[in-house]
Amino acid sequence: MFIPTLKESPADSEVISHKLMVRAGMIRQLAAGIYSTLPLGLRVLRKVEQIVREEMNRIGGQEVFMPSVQPAELWMESGRWSLYGKELLRIRDRHDREFCYGPTHEEVITDIVRKEIKSYRQLPALFYQIQTKFRDEVRPRFGIMRGREFMMKDAYSFHVSEDSARETYQDMIDAYSNIFRRCGLDFKMVEADTGTIGGHHSHEFVVLADSGEDAIGFCDSCDYASNMEKAAARAPAPPANPEEPAPLKEVSTPNKKTVEEVSRFLGVSPQKILKTIVFETDAGLVAGLVRGDRQVNPIKLKNLIGCEWLHPAEEKAIAEKTQAPRGFVGPVKLPIKIYADPEVPLPRNMVAGANKMDAHYTGVQAGRDFSIEKTGDIRMVEEGEPCPKCDRGRYKIRRGIEVGHIFILGTKYSAPLKAQYLDAQGKENAMVMGCYGVGVGRTAAAAIEQNHDEKGIVWPLPIAPFQAVVIPVNYAVDAVKDASDKTYDTLWSLGVETLLDDRSDRLGVKFNDADLIGIPLQIVIGPKNLESGKIEIKTRKTNQSGLHDFPDVLQKIPEMLKGL
RNA sequence: CGGGAUGUAGCGCAGUUUGGUAGCGCACUUCGUUCGGGACGAAGGGGCCGGAGGUUCGAAUCCUCUCAUCCCGACCA
């Protein structure tokens with residue numbers, strides 16, 4: 001088998017899974033975020049795929065295979081042709097017709113279903129596929145973990161009702177839990193924002209790893225867990241001793257722009273300063289107001305406003321509306337809508353920018369000095385703060401790799417694409433949809449992140465490319481060759497996927513490569529042990545080895561594997 | 001898309017400051033000796049120094065442009 005291992009990691013790799021996949025001869029890079037999968041790597045992907053298939057089939061999923069190249073019209077119909085942005089790789093054919101390389105397949109599956117499924121009697125329906133997707137990521141990185149082209153399982157369900165969708169959603173939760181458990185992963189299911197896919201109910205499956213790109217918050221006491229995009233803050237308790245309202249007063253704060261500078265200059269704690277961040281949105285400029293020691297969570301803010309998009313406003317746009325440079329913006333007499341965190345309107349005297357250069361107000365009171373358009377949780381939560389769900393828990397914040405994401409979409413696609421069914425009363429309704437993704441390559445990479453040591457990969461048995469590797473000490477010695485070949489053949493006949501290292505390299509090379517590619521069981525066959533009828537069996541994970549009778553032990557190997 | 005860095009043999013790198021026609025380690029080929037944890041010796045093969053243009057008698061080296069890749073940030077199922 002072609003397994004081009006490397007002693008040194010390529011210079012352009014950063015995370016451990018990327019280094020090890022390249023070193024183990026699983027993948028090679030072709031362009032930024034685009035990888036070829038070599039034989040060993042493919043065997044792992046196929047293992048993950050097979051587990052996914054089994055779990056999808058178990059809950060009634062039917063496998064399909066949809067085109068990777070999709071016509072623009074379909075995307076225009078759903079509205080995403082203009083919404084999706086540069087991440088969508090757009091291409092033209094020879095007739096100058098527009099297409100895209102599919103980043104996901106809601107449009108295509110919905111097109112199939114709207115044409116073929118007409119009656120409530122045909123619902124619910126659940127389809128899935130395992131396909132290569134392309135998303136033209138701004139910055140691909142971390143090897144196969146954040147590639148532009150990647151293998152993904154995507155599933156789509158169609159229902160007559162929200163309740164029905166929720167049933168399938170629950171099935172998916174079970175299936176996904178099985179998938180990631182079977183892949184040997186330590187994962188968490190967390191509440192998530194729906195992002196550009198849309199919908200209103202969503203969970204991510206996240207593998208805890210320091211190299212992960214997602215931050216997640218979870219309770220150290222109950223089962224609450226959420227992506228930091230969404231992690232809820234517990235409603236603030238009103239202060240025990242409300243402060244006597246002080247008059248609004250302007251104070252000079254020359255060149256004090258940051259919360260920290262103002263806090264030090266005026267001798268007030270950051271908690272008593274109002275942080276005013278101006279955002280540009282499709283609904284115009286808005287201000288997000290949080291306590292000085294907090295951070296605005298733009299996604300929560302966007303959801304509170306109910307707008308399509310939002311980003312921090314340019315200095316120029318701020319100046320036009322407020323006559324104040326950044327750092328001196330405040331809510332008092334601010335001519336734009338104010339959205340505030342619940343910590344803001346508590347009865348306290350606050351400090352805020354005076355909307356003019358080098359000045360702040362003290363004694364600011366929400367309600368009296370400015371009015372709030374809408375109050376809601378719009379801040380980032382922090383490590384150690386109280387859990388929003390239970391009374392005892394505290395937030396923990398960790399990084400993780402998103403390996404699965406499930407959504408209830410509602411009618412976001414079925415309505416514009418007119419995927420309708422006739423109900424029992426003969427009335428037309430839009431189907432309720434759900435969609436469910438698993439990053440296949442990312443799951444394999446995540447498994448490496450969680451299962452490796454200084455020598456290389458330590459594959460969990462279910463996704464190991466092979467279960468055993470036969471290492472002849474010297475394949476040129478007839479007795480060793482015969483015993484090795486016999487072991488190899490016997491193991492395959494016993495259903496053990498086995499690799500035979502028949503290279504003429506020195507033993508050390510073979511051992512090191514075997515450790516690197518992480519096959520769970522190493523079977524070492526050498527002339528000395530063979531003379532006394534023994535072979536050596538070593539487990540990769542524990543590095544423990546023992547001598548066993550040859551060939552009798554071969555029959556016991558399937559049993560030994562079960563114990564791993 | 002902003003900031004930073006790097007492109008020299010299959011891989012990892014030196015050489016660039018101070019211009020003189022390319023080197024080291026690993027890998028590869030051949031021979032010999034080795035052979036239970038990345039062997040040793042000898043002899044070899046392989047690079048128009050990312051690309052284009054310019055300066056110069058002469059450019060891997062200096063200048064301009066360009067492309068690629070990586071890192072940080074912004075963004076993101």
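Which residue in strand 21 is the bridge partner of His201? The notes below get to that, and then move outward to the rest of the chain. Bear in mind that this is a predicted model.

1. **The opening question.** The bridge partner of His201 is Ile408, in strand 21. That pair belongs to a longer match: strand 10 (residues 201–208) runs antiparallel to strand 21 (residues 395–410), with eight bridges between them. Ile408 also has a partner in strand 24, namely Gly434. So you can walk from His201 to Ile408 and from Ile408 on to Gly434.

2. **Other pairings of strand 21.** Strand 11 (residues 214–219) pairs with strand 21 too, in the antiparallel sense and over six bridges. Within this pairing, look for Ile216 opposite Arg398. Strand 24 (residues 432–439) is likewise antiparallel to strand 21, and six bridges join the two. Besides Ile408 with Gly434, Phe407 stands opposite Cys435 there.

3. **Strand 24 and its cover.** Strand 24 has a further partner in strand 8 (residues 149–159): the two run antiparallel and are joined by eight bridges. Lys153 facing Val438 is a handy place to pick this up on screen. How much of strand 24 is buried? Eight of its eight residues are. Both faces are covered, with Val432, Gly434, Tyr436 and Val438 buried on one side, and Met433, Cys435, Gly437 and Gly439 buried on the other.

4. **Helix 10.** Helix 10 covers residues 440–450, and nine of its eleven residues are buried, so the helix is largely enclosed by the rest of the structure. The buried set is Val440, Gly441, Thr443, Ala444, Ala445, Ala446, Ala447, Ile448 and Glu449. Glu449 is worth a click, as an acidic residue that is counted among the buried ones.

5. **A three-stranded open sheet.** Elsewhere in the chain, three strands form an open sheet in the order 13-19-18, with antiparallel pairing. Strand 13 (249–252) and strand 18 (350–353) are the edges, each pairing on one side only. Ignoring direction, neighbouring strands in this sheet are turned by 35° against each other on average. The pairing of strand 18 with strand 19 (residues 359–364) is antiparallel over three bridges, and Gly353 sits opposite His360 of strand 19.

6. **Leu248.** Is Leu248 buried, exposed or partly exposed? With a relative accessible area of 32%, Leu248 is partly exposed, because the value falls between the 20% limit for buried and the 50% limit for exposed. Leu248 lies in the loop between strand 12 (225–227) and strand 13. Leaving aside residues up to four places away in sequence, Leu248 touches Val332, Tyr361, Thr362, Gly363, Val364, Arg368 and Asp369. For a sense of distance, Leu248 and Arg90 are 158 residues apart in sequence and 56 Å apart in space, C-alpha to C-alpha.

7. **Thr487.** Thr487 belongs to helix 11 (residues 478–493). Its relative accessible area is 0%, so Thr487 is buried. Again not counting residues up to four places away in sequence, Thr487 touches Val470, Ile523, Ile525, Phe550 and Leu554.

8. **The chain overall.** Zooming out, chain A has 14 helices and 31 strands. Its C-alpha atoms fill a box of roughly 95 × 65 × 50 Å along the principal axes. Of the 564 residues, 51% are buried. Among contacts with a separation of 6 or more, 68% are between residues 24 or more positions apart.

9. **Surface and charge.** Chain A exposes about 25,900 Å², and carbon and sulfur atoms supply 50% of that area. The side chains include 75 positive and 79 negative ones. How far apart do the centres of the two sets lie? They are 2 Å apart.

Technical notes: Residues numbered from 1 in each chain as written. Chains lettered and ligands numbered in written order. Predicted model: local features only at pLDDT ≥ 70, side-chain atom pairs only at ≥ 80, totals over all residues. Heavy atoms only, no water. Buried < 20%, exposed > 50% of the residue type's maximum accessible area, 1.4 Å probe, protein only. Helix = DSSP H or I, 4+ residues; strand = E, 2+ residues; numbered from the N terminus. Pairing = 2+ DSSP bridges. Axes fitted to C-alpha atoms, helices over the stretch in contact; angles between N-to-C directions. Contact = heavy atoms within 4.5 Å. Areas by Shrake-Rupley, 256 points an atom, 1.4 Å probe, with all protein chains shown as cover. Lys, Arg positive; Asp, Glu negative; His and termini not counted. Charge placed at Lys NZ, Arg CZ, Asp CG, Glu CD.
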